[in-house]
Number of protein chains: 2
Amino acid sequence: MSKTVVALAGLGTIGAGLAKLLCENPAAGKVLRLKSVLVRDLSKPRALPHGTIVSNKASEIVEDPEVDVVVEALGGVESAFAVVESALKAGKHVVTANKNLLAEKGPELFALARQKGVSLGFEASVCAGIPIIRTLREALRAETILSVEGIVNGTTNYILTRMSENASSYTDALREAQEKGYAEPDPSYDVSGKDAACKATILTSLAFGHFFPTDRIRTSGISNLDSQDVSQAEAMGYRIKLIAAARRTKNGQVDVEVAPVLLPKEHPLASVRLEYNAVLVDSTGLGLTLYSGKGAGPAPTAVSLLADLMDVAQGRALLVEEENGFLHRQENFECDRTQLERFYIHLSVPDLPGVLAKVAGVLAAQGVSLASVLQPEVKSDAEGLVPLILTTHQAQRGRLDAALAELGKEGWGKGVVLRIQDV
Amino acid sequence: MSKTVVALAGLGTIGAGLAKLLCENPAAGKVLRLKSVLVRDLSKPRALPHGTIVSNKASEIVEDPEVDVVVEALGGVESAFAVVESALKAGKHVVTANKNLLAEKGPELFALARQKGVSLGFEASVCAGIPIIRTLREALRAETILSVEGIVNGTTNYILTRMSENASSYTDALREAQEKGYAEPDPSYDVSGKDAACKATILTSLAFGHFFPTDRIRTSGISNLDSQDVSQAEAMGYRIKLIAAARRTKNGQVDVEVAPVLLPKEHPLASVRLEYNAVLVDSTGLGLTLYSGKGAGPAPTAVSLLADLMDVAQGRALLVEEENGFLHRQENFECDRTQLERFYIHLSVPDLPGVLAKVAGVLAAQGVSLASVLQPEVKSDAEGLVPLILTTHQAQRGRLDAALAELGKEGWGKGVVLRIQDV
């Protein structure tokens, strides 16, 4: 049997890791051959087997008639899109780890792959260390999914774990994550929830058969949490985790959200620590299943890219079909703000008589009733404000937001509002 | 595209559940058609779609030239073997949930499937609610596996959870499990560890490429544990779980064991509760990955059988290859008793001076040194014996067993010996 011929676009950490696996892994070597590599800078020395073609011209690599499958490991969106599009147009299978590319251009690329009758593998794009894409596409393909909830960003989970276990401040935990290489020098993409929202778009396409554009997903990050929120949550029996959640609501819609959530300590995702990721799926036949592992990193990413490549080599790669969720764009997707949820609210308020009555009154006017109130005995901050921590009974998010907007007119400090999830 | 034609052998709970899915699931209905069913008793009424052939003659069903794939849902070994063997001989693909069949006859059946160039799907045979077979065969197929450890028996996990969380005795927890349908009226197959050992044979074949016969796997069950063991383990920061473990040892061998183990509470398997199962895999590229879900039950089993059937229908079922672990029987497999481990020991000893000195002396003579000693202040039992609970520093199992054999000559009560695992 002749080997499947691979062209690799990009030789950064991930591309180089994959090239090494392709050359050294015995299972890979039996069925795959790395023919050529696309790089930006031809002058750099490259550790590649003798005879590997190295080029900086995409067309040379991608349109080579002998090439069966192109791996996109460039990162970014624009140049990655150009390479993937031309590979698909040339009738090549494509394998990518690029979540941004799929979250932005997935619908176009999957439509093109479908038209050309080729496969587009993306196991490595979400939680590279966990075979969650494959599981949703294969093991659960005849299941009706009720919800997908995941800790899909290792950076934020590392920070939240340190805040919880070491009582670190957000700033200290972030600095430690940066020192250990779990957070970028500019961490905003991760801590804002944007990374998790891209992954939510991809997971939701698989689980619910519709493409929910990332910029329409209600997204909040972790940078406004402080150690008091984490310790207060602990005291109440909860852990704060950044959760990407897509759930079928009572009216049959799908609600997608990325936000820090208070999870009960017994919740399967509550014990996922440090840089680990996990995805919890609820489906009709299997019930709850949990998949957990390292979120990212060059080694897991290369392994997942390789698994997709071996599917191509063994003729087992799933072709893009009409039911592919990326092909069904949910244009008028709106968050459902009428569902009943419980909330944790941390306000900064003046240390004056009547403030609590005012807050409770505004919330009550919107039908939001309080389950607990905590005004810890602390000195007021530079602006004369003290924390006021509330939890609510079940309430509609929309009405809670209206109440908070009303309170916001007072010009007090920012508020933290987190959903409380019960198991 | 013509649909893949299915014959179903066995219409018990699982067979009937699958038949229902085949008729009602839209994804299944697109690619699969249930043609015929093999039953024992033709006179029973059956809820099957009009036109389904019902027969009590295996050859009619299995050798039907129109049938593409046979599902074995008979249970047991002998009649299941006959049906699967004749189906494979007739060149049909086979899908089964039968762990006993594979643990006993796997080598013969996979050899036959390989010879005939057909697939033998068995996702439902181990932890039916978790796609672990598929994960090991596909996502991790280019990985070098270092260890596979699992809670693979829901009955024993339910009993141990109740003993731990409710301080129930073994007898009470077993009775409750029986009342809830998690344990059979005769629970011996589960509580002895035999069920877990069959699953260990199957998982090990996939993970390590060799078939370790079930009867050669060192197996111990949970029926000699009492509530004192569970509470004492808790007090030391551990939970007792029945673990099926296959690990590559320092000398490159694979050690396979089924036994109750003391896991630290932070261990990923320690928080798997009640009837849930979980498998923790350590591999070179991905590191630790955890897969968790419901162990068994008709619905998960039917879903897993269906996923295998859809692989056949989509031409994606993995053919049996030369590397298939079932084809490489590990004839001279011996447990490695020289590895260093820590142990928990619960002895029943006379409440007399000098006994502790004797025990410690015999252990010391075998190089087993004690980490902790607990002789709780309790009344002696009917035979005048009191509990003595010890933990050891790292010791060789072989030498510990020699010491315990020496102590056994004293004719004291039975001893419980459990491995203590550190994360």
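In which sense do strand 5 and strand 6 of chain B pair, and over how many bridges? In this predicted model, strand 5 of chain B and strand 6 (residues 120–121) of chain B pair in the parallel sense, over two bridges. Val95(B) has Gly121(B) as its bridge partner in strand 6 of chain B. Confidence scores accompany the model. Chain A has a mean pLDDT of 94, and 100% of its residues reach 70 or more. The ipTM is 0.91 and the pTM is 0.94.

The pairing of strands 5 and 6 belongs to an open sheet in chain B. This sheet has six strands in the order 3-2-1-4-5-6, with parallel pairing. Strand 3 (53–55) and strand 6 of chain B are the edge strands, each pairing on one side only. At the strand 3 edge, three bridges join strand 2 (residues 32–38) of chain B to strand 3 of chain B, and the two run parallel. Val37(B) has Val54(B) in strand 3 of chain B as its bridge partner.

Strand 5 of chain B also pairs with strand 4 (residues 69–72) of chain B. Four bridges join strand 4 to strand 5 of chain B, again in parallel. Here Val71(B) is matched with Val95(B) in strand 5 of chain B. Val95(B) is thus a bridge partner of both Val71(B) and Gly121(B).

The connections on either side of strand 5 were examined next. Strand 4, helix 4 (residues 78–89) and strand 5 of chain B form a β-α-β unit, which is right-handed. Strand 5, helix 5 (residues 99–116) and strand 6 of chain B form a right-handed β-α-β unit as well.

In a regular strand, side chains alternate between the two faces of the sheet. Strand 5 (residues 93–96) of chain B can be read in this light. His93(B) and Val95(B) point one way, while Val94(B) and Thr96(B) point the other way. All of these residues are buried. Lys20(B) offers a contrasting environment. This residue is found in helix 1 (residues 13–24) of chain B. Lys20(B) is partly exposed, because 15 other C-beta atoms lie within 10 Å. Lys20(B) and Val152(B) are 132 residues apart in sequence, and their C-alpha atoms are 27 Å apart in space.

The relation between the chains was then considered. A turn of 180° and a shift of 0.0 Å along the axis lay chain A on chain B with an RMSD of 0.0 Å. The two copies are therefore related as by a two-fold rotation axis.

The contact between the chains involves 32 residues of chain A and 32 residues of chain B. On the chain A side, the elements that give two or more residues are helix 2 (26–31), helix 6 (132–139), strand 12 (287–294) and helix 12 (298–313). Strand 12 of chain A gives the most, with eight residues. By class, the side of chain A that touches chain B has 17 nonpolar, nine polar and six charged residues. Of the interface residues of chain A, 100% are also interface residues in chain B, so the copies meet through the same surface.

Strand pairing also spans the two chains. Five bridges join strand 12 of chain A to strand 12 (residues 287–294) of chain B. These two strands run antiparallel, whereas the six-strand sheet of chain B has parallel pairing. Across the interchain pair, Leu290(A) stands opposite Ser292(B) in strand 12 of chain B.

Key: Residues are numbered from 1 along each chain as its sequence is written. Chains are lettered from A and ligands numbered from 1 in the order in which they are written. This is a predicted model: local features need pLDDT of at least 70, side-chain atom pairs count only at pLDDT 80 or more; totals for chains, interfaces and linings use all residues. pLDDT is the predictor's confidence in each residue, from 0 to 100. A residue is buried if 20 or more other C-beta atoms lie within 10 Å of its own, exposed if 12 or fewer, and partly exposed in between; C-beta atoms are placed from the backbone. Two strands pair if DSSP finds at least two bridges between them. A crossover is right-handed if, with the strands pointing away from the viewer, the path from the first strand over the helix to the second runs clockwise. Copies are superposed by least squares on the C-alpha atoms of residues with pLDDT of at least 70 in both. Two residues are in contact if their C-beta atoms, placed from the backbone, lie within 7 Å. Ala, Val, Leu, Ile, Met, Phe, Trp, Tyr, Cys and Pro count as nonpolar, Asp, Glu, Lys and Arg as charged, and the others, Gly among them, as polar.
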